[in-house]
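Please open the model in a viewer and keep the sequence panel visible. The tour below proceeds from one selection to the next.

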Amino acid sequence: QRVVGQSGAHDHGTYVVEVSDGFVVAGSITSEGVQQRGLVKFKLDGAIDWMKTYPAPGHGSLRGIDITEDGGVVGTGYVGSHESGYLFICDDGDGSLLRTDADGNLQWETTLPAPHGMRVQQVAGGFAIGANVWVENGGSEHQQVCLILTDDTGGVQHQQTYGGADNDQVFDSAVTSDGGYI
């Protein structure tokens, strides 16, 4: 058992991926009083290999990660929120997509056309992100599921929303074996 974070802080883990020599955990780590996007790499014996935060204005968190073909990490979540703590869905932030090398060193980051990315997976030529967005219909706002496809540097190539007149939300997504999305 390993405890990471500060007592009384809003540090949390939201997603874990197994790698050949341990585990990578995504979530948030408080740094200088601000909840930041964070990654922690654990060795197989539970010792911390590395721990990184990725500062941005406001509070932020990583919600989903994938290990890329070269052993790096791609992560999605949010930045710029006025609220701290575990946010089931961040409504006041900007969706975030970042890419690191295998040691957690930031290679690039970008914002997404959604307030909160939930899951990300590497696909041919880029990344597929499941997110939630607000849409207006008949004078009222509600949430819909959003599929965002990017190139390999995070540039949005396609965006499509799905849902009806009520709130529709995604909390997990995946690429299917035939190249579709679920």
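**A guided tour of the strands**

Begin by selecting residues 126-137 and 140-151: these are strands β10 and β11, which run antiparallel and are joined by 12 bridges. Strands here are DSSP runs (E, at least two residues; helices are H or I, at least four), numbered from the N terminus, and two strands count as paired if DSSP finds at least two bridges between them. Within this pair, select Trp134, whose bridge partner in β11 is Gln143.

The model is predicted, with local features needing pLDDT of at least 70 and side-chain atom pairs counting only at pLDDT 80 or more, while totals for chains, interfaces and linings use all residues. Residues are numbered from 1 along each chain as its sequence is written, and side-chain values use heavy atoms, with hydrogens and water left out.

Next, widen the selection to the open sheet of 4 strands, in the order β9-β10-β11-β12, with antiparallel pairing. Its edge strands are β9 (116-123) and β12 (156-162), each of which pairs on one side only. From one strand to the next, the twist averages 30 degrees; the axes are lines fitted to C-alpha atoms, for helices over the stretch in contact, and angles run from 0 to 180 degrees between N-to-C directions.

Now move to residues 22-31, strand β2, which pairs with β3 in the antiparallel sense over 10 bridges. Gly22 stands opposite Lys43 in β3. The two strands form a hairpin with 2 residues between them, and Glu32 in the turn has a positive phi of about 55 degrees.

Is β3 covered or open to its surroundings? Select residues 34-43: strand β3 is mostly covered, as 8 of its 10 residues are buried. Buried means under 20% relative accessible area, exposed over 50%, and partly exposed in between (1.4 Å probe, protein chains only).

Continue to β4 (residues 48-54), which pairs with β3 in the antiparallel sense over 6 bridges. Leu39 has Lys52 in β4 as its bridge partner. In this hairpin, 4 residues lie between the strands, and Gly46 takes a positive phi near 95 degrees.

Finally, display the whole protein chain, which comes to 0 helices and 12 strands. Its C-alpha trace spans about 55 × 40 × 25 Å along the principal axes. Buried residues make up 45% of the 182 residues.
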